[in-house]
Amino acid sequence: MPRQKHMGAISTVFQSKWRGMVIVDGLEDWKEPRHQKMVDLIEKVTHWPAGKVRTLMITRSGYGELDMDLHVPTAVSRLNPMYMSGRLIPKFVMRRPRDIDMMADGLFQLLCARKIIISREAFFDLCAKFNAEGGWQWVNPSEHLRRRMLELAEEYPCDRQAEIEAASKLPVDEERRMAWAAAERAKMGLEEVPAVSLEEA
């Protein structure tokens, strides 16, 4: 399926699920793995018992994976308190905004979900991605790159002639350039001058 059609399908499913969608503020501040706390949260915001209906939670950090050989969470996943809090709840899955894409199973999970819980931060990420007026998902990748480069050029202006003049003053050989760079960093207080000085180089 072409990318535009796939992302259009995801956007359409999002619009059709608005009745079962809840945006929760402060969800990204999950500090400890607490299963009962996650169960209580799901029941509070969806008004359904946890595990009763298929529920999808979209947050920036709530995602983990199982080790396919050992069938236990991977080492990185065990460090994620939100994932560890909800991984044992039936019919409950967690995804990030980046997973709501054709490169992952975002469309499938959206279609399956009866209830969708979204953190406030993830909601703004999804709006920036799928907004019909200016969502970056609808822009051609090369055009999107061009726009971002123009924004960066405005944010970090540079004088090409001044750069050429500054580069022409640098020592020619590598050792002298390294000594010069270390001395400049020492002037700015970033690090101490190494044993090799400009005179020795």
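User: Is Arg96 buried, partly exposed or exposed?
Analyst: This is a predicted model, where local features need pLDDT of at least 70, side-chain atom pairs count only at pLDDT 80 or more, and totals for chains, interfaces and linings use all residues. Residues are numbered from 1 along each chain as its sequence is written, and side-chain values use heavy atoms, with hydrogens and water left out. Buried means under 20% relative accessible area, exposed means over 50%, and partly exposed lies in between (1.4 Å probe, protein chains only). Arg96 has a relative accessible area of 21%, so call it partly exposed.

User: Which residue forms a salt bridge with Arg96?
Analyst: A salt bridge needs a side-chain nitrogen of Lys or Arg within 4 Å of a carboxyl oxygen of Asp or Glu. Here the closest N and O atoms are 3.0 Å apart. The partner is buried, at 7% relative accessible area. It's Asp99.

User: How many residues apart are Asp101 and Lys129?
Analyst: Their side chains meet in a salt bridge, 3.3 Å from N to O, and both Asp101 and Lys129 are buried. Asp101 sits in the loop between strand S5 (92–95) and helix H5 (106–112), while Lys129 is in helix H6 (helices, H or I, are DSSP runs of at least four residues, and strands, E, of at least two, numbered from the N terminus). So the pair links distant parts of the chain, 28 residues apart.

User: What is the relative accessible area of Arg176?
Analyst: Arg176 pairs with Asp173 in a salt bridge, 3.7 Å from N to O. Asp173 is partly exposed, at 33%. Arg176 is partly exposed too, with a relative accessible area of 37%.
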